[in-house]
Amino acid sequence: MARSNDRSFDNDAGNSRNPRHHKLLPHRYPFLLVDKIIEIDADNSAIGIKNVTISEPHFTGHFPGNPVMPGVLIIEGMAQTAGAICARATGAGSKLVYFMTIDNAKFRKPVIPGDRLEFHVTKTKQRGNIWRFHCEAMVDDAKVAEADIGAMLVPSESETE
């Protein structure tokens, strides 16, 4: 797979208060579920990283004494990684990326604090402002979840003014 020269958008790029991937994703704590983008291939694919820690707010109630990352948050991390692909391809901030569909979602193994979750996202189709992606979440080279997701790009408020 051919890769772009600008492959990393992690917290080491720039200062830790304003990592580069913040320019691609509008989300912020506690709902920013991608710590860094370690690889991006134009508008074709990307790999996002989430370092799962016990200090995250959802572990307080999911589940006390046996913390497991909620599957919907794994899906959201995949969608955010896909959103970074869209934002980079169309110019960060020029469009909003709305999550539209989830298909074929499967959860294979629990994700727990201490895991390094990798979101492997590949574009499967694009027609106009509709993008489709196949996503796999991996921990230690083992697939823990997968899904096919759809996204729609719409003009941001700043673009319509």
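**Group meeting: loops, core and one aromatic pair**

Let me begin with a residue in a turn of the chain: Asp 140 lies in the loop between β5 and β6. The model before you is predicted, and in it Asp 140 has a positive phi of about 50°, although it is not a glycine. With a relative accessible area of 70%, Asp 140 is exposed.

Ala 42 may be set beside it. This residue sits in the loop between β1 and β2, and here too a residue that is not a glycine has a positive phi, of about 45°. Is Ala 42 buried, partly exposed or exposed? Its relative accessible area is 38%, so it counts as partly exposed.

I turn now to the overall arrangement. The chain contains 3 helices and 6 strands, and along the sequence these follow the pattern α-β-β-α-β-β-β-β-α. Of its 161 residues, 42% count as buried. Among contacts with a separation of 6 or more, 64% are between residues 24 or more positions apart. The chain exposes about 8,600 Å², of which carbon and sulfur atoms supply 51%.

Next, the interior. The largest nonpolar core has 35 residues, and those touching the most other members are Met 69, Ile 74, Met 78, Val 111, Leu 117, Phe 133 and Ala 137. Two or more residues come from each of β1 (36-41), α2 (71-90), β4 (116-127), β5 (130-139) and β6 (142-155). Which element gives the largest share of this core? It is α2, with 10 residues.

Ala 137 shows how these parts meet. Beyond its neighbours within four places in sequence, Ala 137 is in contact with Ile 74, Met 78, Leu 117, Glu 118, Phe 119, Ala 142, Lys 143, Val 144 and Ala 145.

Phe 133 brings us to the aromatic residues. A search of the whole structure finds 1 aromatic pair. Trp 131 and Phe 133 form that pair, which is stacked, with 6.1 Å from centre to centre and 20° between the planes. Trp 131 counts as buried because its relative accessibility, 2%, is under 20%. Phe 133 is likewise buried, with a relative accessible area of 1%.

Finally, two peptide bonds deserve a look. Where are the cis peptide bonds in question? One joins Tyr 29 and Pro 30, with omega about 5°; Pro 30 is placed in the loop between α1 (21-24) and β1. Another joins His 62 and Phe 63, with omega about -5°; Phe 63 is found in the loop between β2 (45-51) and α2.

Methods
Residues numbered from 1 in each chain as written. Predicted model: local features only at pLDDT ≥ 70, side-chain atom pairs only at ≥ 80, totals over all residues. Heavy atoms only, no water. Helix = DSSP H or I, 4+ residues; strand = E, 2+ residues; numbered from the N terminus. Buried < 20%, exposed > 50% of the residue type's maximum accessible area, 1.4 Å probe, protein only. Contact = heavy atoms within 4.5 Å. Areas by Shrake-Rupley, 256 points an atom, 1.4 Å probe, with all protein chains shown as cover. Phe/Tyr/Trp six-rings, centres within 6.5 Å; stacked < 30°, edge-to-face > 60°. Core = buried A, V, L, I, M, F, W, Y, C linked by side-chain atoms within 4.5 Å.
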